[in-house]
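Me: Got a minute to go through this one with me? I'd like to pick it apart residue by residue.

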Amino acid sequence: MKTQQENKNNFLFRLASRFLKYLLLFVFGLAITFVIYSIVGLGGVTQMLLPVIADLLAKLTILLICLFATAIIFESLLKK
């Protein structure tokens, strides 16, 4: 059952929080995948994919920071 505390934040902040959750799950899944690849002996695949994934993670992290900043600005403007 939802309480009033859960609906206190605006939609943009809840979206940014959900995006953060899925980004952290993605990073955790990648860590597990890389460990399994290195155990099985597919270290070359990991080295090949690492620059692409690092670039993707950097862009997603910047997007997340901008989304949180926008949510914080909107939240502060609406609370006046």
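Me: Let's start with Phe68. Where is Phe68 found?
Reply: Phe68 sits in helix 2. Keep in mind that this is a predicted model.

Me: Is Phe68 buried or exposed?
Reply: Phe68 is buried, because its relative accessible area is 18% and the cut-off for buried is under 20%.

Me: And which residues is Phe68 in contact with, leaving aside neighbours within four places in sequence?
Reply: Phe13, Ala16, Ser17 and Leu20.

Me: Aromatics next. How many aromatic pairs does the count come to?
Reply: One aromatic pair. The rings are those of Phe13 and Phe68, with centres 5.7 Å apart and planes at 75°, so the pair is edge-to-face. Phe13 belongs to helix 1 and Phe68 to helix 2, and the pair links distant parts of the chain, 55 residues apart.

Me: Why edge-to-face for that angle?
Reply: The planes of Phe13 and Phe68 are at 75°, and anything over 60 degrees counts as edge-to-face.

Me: What does Phe13 count as for exposure?
Reply: Partly exposed, at 26% relative accessibility. Its partner Phe68 is buried.

Me: OK, helix 2 as a whole. What span should its 36 residues have, and how far apart are the end C-alpha atoms?
Reply: At 1.5 Å a residue helix 2 should span 52 Å, and its end C-alpha atoms are 50 Å apart, which agrees.

Me: Where does helix 2 bend?
Reply: At Leu50, by about 40°. A proline, Pro51, follows within four residues.

Me: Is that Pro51 buried or exposed?
Reply: Pro51 counts as exposed, since its relative accessibility is 55% and the exposed class starts over 50%. Pro51 is itself in helix 2. If you want a distance to go with it, the C-alpha atoms of Pro51 and Phe26 are separated by 16 Å, with their places 25 residues apart along the chain.

Me: Which residues of helix 2 are buried?
Reply: Thr46, Ile53, Leu57, Leu64, Phe68, Ala71 and Glu75. They pack against helix 1.

Me: Same thing for helix 1, then. Which of its residues are buried?
Reply: In helix 1 the buried residues are Leu12, Ala16, Leu23, Leu30 and Phe34, and these pack against helix 2.

Me: How far does helix 1 reach from its first C-alpha to its last?
Reply: 43 Å for 30 residues, close to the 44 Å expected at 1.5 Å a residue.

Me: What follows helix 1?
Reply: Gly41, with a positive phi near 105°.

Me: Back to the inside. Which residues make up the largest nonpolar core?
Reply: Eight residues in all: Ala16, Leu23, Leu30, Phe34, Ile53, Leu57, Leu64 and Phe68. Helix 1 and helix 2 are the elements that give two or more residues to this core.

Me: Take Leu30 from that list. What does Leu30 touch, not counting residues up to four places away in sequence?
Reply: Ile53 and Leu57. Both of those are also members of the core.

Me: Change of topic: polar residues. Is Glu75 buried or exposed?
Reply: Buried, with a relative accessible area of 16%. Glu75 lies in helix 2, and its contacts, leaving aside neighbours within four places in sequence, are Lys8, Asn9 and Asn10.

Me: And where is Asn10?
Reply: Asn10 is in the segment before helix 1. Asn10 is buried, with a relative accessible area of 16%.

Me: What does the side chain of Asn10 reach?
Reply: The backbone nitrogen of Phe13, at 3.0 Å. Setting aside neighbours within four places in sequence, Asn10 is also in contact with Ala71, Phe74, Glu75 and Leu78.

Me: Last one, Phe11. Buried or exposed?
Reply: Phe11 counts as exposed, at 58% relative accessibility. Phe11 is in helix 1, and its C-alpha is 8.5 Å from that of Ala71, although the two are 60 residues apart along the chain.

Terms used:
Residues numbered from 1 in each chain as written. Predicted model: local features only at pLDDT ≥ 70, side-chain atom pairs only at ≥ 80, totals over all residues. Heavy atoms only, no water. Buried < 20%, exposed > 50% of the residue type's maximum accessible area, 1.4 Å probe, protein only. Contact = heavy atoms within 4.5 Å. Phe/Tyr/Trp six-rings, centres within 6.5 Å; stacked < 30°, edge-to-face > 60°. Expected span 1.5 Å × (residues − 1). Bend = angle between axes of the 7 residues up to and from the residue. Core = buried A, V, L, I, M, F, W, Y, C linked by side-chain atoms within 4.5 Å. Polar contact = N/O pair within 3.5 Å; in protein donor to acceptor, adjacent residues only side chain to side chain.
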